[in-house]
Amino acid sequence: MWPRLPQRMYLQDSPRSRFFRMGVQAPPRLLELAGQSLLRNETLAIAALEELPVELFPPLFTAAFAGRHTHAVKAMVQAWPFACLPLGALMKDHQPHLETFQAALDGLDLLLAEEVRPRRWKLQVLDLRRNAHQDFWTVWSGIKASVCSLLEPEPAQPMQKRSRVEGSQGGLKPARAPVEVLVDLCLKEDPLDETLCYLLKKAKQRRSLLRLRCQKLRLFTIPVQSIRRILKLVQLDSIQDLEVNCTWKLATLGRFLPHLGRMGNLRRLLLSRVRVLPRTAPDREEHCVGQLTAQFLSLPHLQELYLDSISFLEGRLHQVLRCLKTPLQTLSITNCLISESDLMYLSQCPSVGLLKDLGLSGVNLTGLSLEPLQVLIERTSATLQDLDLDECGIMDSQFSALLPSLSRCSQLTTFSFCGNPISVAVLESLLHHTVGLSKLSHVLYPAPLESYEDVHGTLHLGRLAQLHARLKQLLCTSGRASMVWFSANPCPYCGDRTFYDPEPSLCPCYMPD
């Protein structure tokens with residue numbers, strides 16, 4: 001049984017404090033019961049914050065947030081004893097109630113409104129990201145009891161009695177240091193959901209003291225004027241991962257581009273479904289494309305570039321890639337038209353010589369010479385890890401020309417070329433060329449031409465199973481039984497992909513009524 005604690009509930013060298021410092025398993029139920037008991041009277045709970053031991057703050061805050069004790073939540077944000085409050089991780093486990101979330105922001109707002117703050121005041125970051133600091137709340141809940149100063153920038157100090165929040169012993173300091181709010185934004189609709197609206201409202205009210213920092217930004221079906229209004233409140237240099245999936249006209253994209261150029265720390269960019277209207281004047285189209293490519297000059301840290309369903313790319317790939325400042329690690333061009341000159345430039349481009357991931361899924365290569373692609377694969381053979389050539393319309397003769405280059409890709413781990421009209425002979429040739437690649441673990445191949453019953457795409461499942469068994473046997477004979485080869489083909493009725501390894505996971509379209 002614990003010795004009786006004094007009224008202030010905590011002494012530096014008490015057995016209880018040594019118990020927590022050693023990281024011994026604490027009884028979670030005791031903490032839960034204590035928090036629930038204290039929160040039955042929110043006024044008492046708020047008054048107790050001045051004397052509350054540090055290790056009891058997280059479990060009490062968890063109980064208050066889950067129980068929708070809005071007044072306690074607001075007060076605890078103001079008294080938070082750590083540099084960071086990872087509220088997003090808590091919201092992931094406890095579906096946030098709008099009023100409770102608003103209470104947390106109101107507590108931060110009251111803190112920012114203070115002319116002076118207590119010397120012991122520590123909160124610098126409110127983290128609303130759902131996947132950040134996953135262990136914080138379990139560590140402090142008693143599941144993994146420990147009183148290390150998690151999320152604090154300074155080294156952990158020996159635990160001691162906390163000073164009063166309201167500036168005991170006259171320790172006050174100026175209140176001008178801003179607080180950062182970390183959030184991943186996914187803008188899907190207009191009007192926005194209420195929690196985001198409330199956050200943006202607070203950011204606008206405290207513009208100089210509350211800084212919105214957004215590492216990941218996803219843009220979907222939302223008017224560009226709404227996006228521009230929101231981005232005025234965001235520190236654009238904090239964005240590292242941007243996805244634009246808005247089905248925009250090229251001219252509409254042009255209205256967004258000035259914001260893109262200010263994202264100087266961007267590392268990953270996806271542009272999808274940008275189209276040019278049929279009656280767009282050529283000089284206007286050229287101006288908009290030039291406006292886009294010029295923004296890449298302001299993105300010195302870009303490492304991953306994804307271009308999907310971009311209607312203006314054909315004949316202009318050189319304009320896009322020549323403005324890149326640093327070598328890419330990932331280049332994915334999907335569902336786009338490209339010309340032979342584009343492919344030729346791609347094979348010579350300085351920015352793609354160190355690629356780890358190359359994707360050309362949905363790019364029709366049927367009528368093109370694949371010699372430039374062969375050169376590109378050979379150039380990147382020392383770094384390339386993932387290669388995706390799905391749905392490229394590559395024929396037997398074209399594919400055979402790529403095999404010598406593929407056999408030199410020493411770092412290749414995954415190769416996918418589903419949806420190409422390939423024969424059994426070429427599949428077996430691929431296996432013989434790649435069996436020596438020690439890191440290659442997964443190959444996704446199309447059902448070969450011999451597996452189809454007719455020109456309508458009806459598969460003969462027995463033939464496909466025999467082929468898969470044959471490939472397995474060859475892998476075992478070659479000492480690569482652990483390498484996974486499996487076939488994936490679109491259903492001719494609905495387009496969903498069906499996998500065969502070796503038995504098919506059949507699409508419902510194949511099932512009898």
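These legends accompany close-up views of a predicted model.

**View 1. The whole protein in outline.**
The predicted protein holds 18 helices and 20 strands. Of its 513 residues, 48% count as buried. Contacts often link distant parts of the chain: among those between residues at least 6 apart in sequence, 79% join residues at least 24 apart. The views that follow pick out individual sites.

**View 2. Helix 14 and its buried side.**
Helix 14 spans residues 340-348. Its buried residues are Asp342, Leu343, Leu346 and Ser347. These four lie on the same side of helix 14, because they cover an arc of only 135 degrees around the axis. Three elements pack against the buried residues of helix 14: helix 13 (317-321), strand 13 (330-334) and helix 15 (371-379).

**View 3. Helix 15 and its buried side.**
Pro372, Leu373, Leu376 and Ile377 are the residues to pick out here, buried in helix 15. They cover an arc of only 140 degrees around the axis, so they sit on the same side of helix 15. The packing partners of the buried residues of helix 15 are helix 14, strand 14 (357-359), strand 15 (386-388) and helix 16 (396-406). Helix 14 therefore appears again in this view, as a partner of the buried residues Pro372, Leu373, Leu376 and Ile377.

**View 4. The loop between helix 14 and strand 14.**
Ser351 belongs to this loop. Is Ser351 buried or exposed? Ser351 has a relative accessible area of 7%, so it is buried. What does Ser351 touch, leaving aside its neighbours within four places in sequence? Its contacts are then Leu321, Leu324, Thr326, Pro327 and Leu328.

**View 5. Two loop residues with positive phi.**
Asn335 sits in the loop between strand 13 and helix 14. Its phi is near 55 degrees, a positive value in a residue other than glycine. Asn335 has a relative accessible area of 46% and is partly exposed. Glu391 sits in the loop between strand 15 and helix 16. Phi of Glu391 is likewise positive, near 55 degrees, and Glu391 is a residue other than glycine. Glu391 is partly exposed, at 37% relative accessible area.

**View 6. Cysteines and the disulfide count.**
A disulfide is a covalent bond between the sulfur atoms of two cysteines. How many disulfides does the count give? With a cut-off of 2.5 Å between cysteine sulfur atoms, the count is 0. Two cysteines are picked out here. Cys323 is buried, with a relative accessible area of 12%. Cys392 is buried too, at 1%.

**View 7. The second largest pocket.**
Rolling a probe the size of a water molecule over the atoms shows where empty space is left. The second largest pocket contains about 570 Å³ of space. Its lining has 23 residues, and the closest to its centre are Arg130, Val183, Asp184, Cys186 and Asp193. Which elements each supply at least two residues of the lining? Strand 6 (185-187) and helix 9 (194-205) each do so. By character, the lining of this pocket divides into 12 nonpolar, 4 polar and 7 charged residues.

**View 8. The loop between strand 6 and helix 9.**
Strand 6 and helix 9 were met in the pocket lining. Pro191 is located in the loop between them. Pro191 has 62% relative accessibility, so it counts as exposed. Ile222 is 31 residues away from Pro191 along the chain, and their C-alpha atoms are separated by 8.7 Å.

**View 9. The loop between strand 2 and strand 3.**
Strand 2 (116-118) and strand 3 (125-127) flank the loop that holds Lys122. Lys122 counts as partly exposed, at 25% relative accessibility. Where does Trp80 lie relative to Lys122? The two are 42 residues apart in sequence and 7.1 Å apart in space, C-alpha to C-alpha.

**View 10. Helix 3 at Glu42.**
Glu42 is part of helix 3, residues 42-48. Leaving aside its neighbours within four places in sequence, Glu42 is in contact with His69, Thr70, His71 and Ala72. Val73 is 31 residues from Glu42 along the chain, with 9.7 Å between their C-alpha atoms.

Methods
Residues numbered from 1 in each chain as written. Predicted model: local features only at pLDDT ≥ 70, side-chain atom pairs only at ≥ 80, totals over all residues. Heavy atoms only, no water. Buried < 20%, exposed > 50% of the residue type's maximum accessible area, 1.4 Å probe, protein only. Arc of directions from axis to C-beta. Contact = heavy atoms within 4.5 Å. 1 Å grid on protein atoms, 1.4 Å probe; cavity = no way out; pocket = protein on both sides within 12 Å on 5 of 7 lines; lining within 4 Å. Points joined across faces, edges and corners; volume = space filled by probe spheres on them. Nonpolar A, V, L, I, M, F, W, Y, C, P; charged D, E, K, R; others polar.
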